[in-house]
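Student: I should like to learn how to read the structure shown below. Could you take me through it feature by feature?

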Amino acid sequence: MPRYYVLLGPPGAGKGTQAKVIAEKYDLVHVSSGDLFRDNLKRQTELGQLAQTYMSKGELVPDDVTIAMIRERLSRPDCVNGALLDGFPRTPAQADALAKMLTEFKGGVNLVPYISVPENLLVERLCGRWTCRSNGHVFHEKYNPPQIAGVCDLDGSELYQRDDDKSETVMNRIKVYAAQTSPLIEYYRKLNLLAEIDGTKSIEDVTAAMLAALEKA
Ligand code: AP5
């Protein structure tokens, strides 16, 4: 039976950072909705151009478009054993759609690790983030600096700062998360799927807590 994990947490909580480690350890495909939109934008597809009009303001891309993109991604053969979802679902309507589509794929959500981080730490994390252009590896100028400034330790490609990591956009992303995404905490708690992880700890400690939660699931 395929296994699906949903990483939940505010912007900058460390979802992408942890997803890279866990996906490798469990041999799971990392499906990041933000990365899929950014890849579409890089290729200048219609979807990428549409998504950019929302992403640049820190707003959510409409549910129907996002759900269709995730359905297409999860239908591909590499997801036959499941996936680690990062950034999706982000609204109760997306969570309902996910439950429905996973039933079709003969699976369901197995666990929702929720990385909790207070708002005051998020701005510093996002404004100091550097992302690798080729594979989305993530660094932080203070908490996880690359060995050579501007160069990814893992694949040598250029590091850049995301357009939506400017402080005004970050503030709106945090507001949008509180209004539209945080209801998913209760949604998954009620389903007994939520594993709350303290995201204020070091990257290594968060990974250890996450792995412990996954082992129990
Ligand atoms: P998306 O790309 O998903 O961004 P996000 O959810 O805002 O999450 P981030 O990637 O910003 O943060 P993260 O939690 O992955 O943190 P990271 O590991 O990088 O979405 C972007 C946009 O796309 C959205 O605003 C929306 O417009 C659109 N979109 C995407 N999905 C959508 C959906 N489902 N529906 C509608 N629209 C959608 O870490 C952050 C920094 O902190 C890094 O520098 C890292 O090194 C550092 N760090 C990580 N962990 C720690 C730690 N424990 N201690 C210290 N530093 C740490």
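The dialogue that follows treats the ligand, the nonpolar cores, the backbone and some single residues in turn.

Tutor: This is a predicted model, in which local features need pLDDT of at least 70, side-chain atom pairs count only at pLDDT 80 or more, and totals for chains, interfaces and linings use all residues. Residues are numbered from 1 along each chain as its sequence is written, and side-chain values use heavy atoms, with hydrogens and water left out.

Student: How many residues surround the ligand, and which are the closest?

Tutor: A residue is near a molecule if one of its heavy atoms lies within 4 Å of it. Here 36 residues surround the ligand, the closest being Thr17, Glu59, Arg90, Arg129 and Arg173. By class, 14 of the shell are nonpolar, 12 polar and 10 charged; Ala, Val, Leu, Ile, Met, Phe, Trp, Tyr, Cys and Pro count as nonpolar, Asp, Glu, Lys and Arg as charged, and the others, Gly among them, as polar.

Student: Which element gives the most to the shell around the ligand?

Tutor: Helices (H or I, at least four residues) and strands (E, at least two) are DSSP runs, numbered from the N terminus. The most comes from α2, with 4 residues. Elements that supply at least two residues each include α1 (15-26), α6 (119-127) and β6 (138-140).

Student: Which atoms of the ligand lie 2.7 Å from Ser33 and 2.6 Å from Arg129?

Tutor: A polar contact is a pair of N or O atoms within 3.5 Å; within protein, one must be able to donate a hydrogen and the other to accept it, and residues adjacent in sequence count only if both atoms are side-chain atoms. A nitrogen atom of the ligand is 2.7 Å from a side-chain N or O atom of Ser33, and an oxygen atom of the ligand is 2.6 Å from a side-chain N or O atom of Arg129. A backbone N or O atom of Gly87 lies 2.9 Å from a ligand nitrogen. Taken alone the ligand exposes 1,100 Å², of which the protein buries 97% (areas by the Shrake-Rupley method with a 1.4 Å probe; for residues, only the protein chains shown count as cover).

Student: Which residues of the largest nonpolar core touch the most other members?

Tutor: A nonpolar core is a set of buried Ala, Val, Leu, Ile, Met, Phe, Trp, Tyr and Cys residues joined through side-chain atoms within 4.5 Å. Buried means under 20% relative accessible area, exposed over 50%, and partly exposed in between (1.4 Å probe, protein chains only). The largest core has 32 residues, and Val31, Ile70, Leu74, Leu85, Leu98, Val112 and Tyr188 touch the most other members. Its largest share, 5 residues, comes from helix α5 (residues 92-104). A second, separate core of 22 residues includes Ala19 and Leu28.

Student: Where is the peptide bond cis?

Tutor: Most residues other than glycine have a negative phi, and most peptide bonds are trans. The bond from Phe88 to Pro89 is cis, with omega near 0°, and Pro89 lies in the loop between β3 (82-86) and α5. Asn192, a residue other than glycine, has a positive phi, near 65°.

Student: Is Ser32 buried or exposed?

Tutor: Ser32 is buried, because its relative accessible area is 7%. This residue lies in strand β2 (residues 29-32), and its side chain reaches the backbone nitrogen of Asp35 at 3.0 Å. By contrast, Lys100 is exposed, because its relative accessible area is 62%; Lys100 lies in helix α5.
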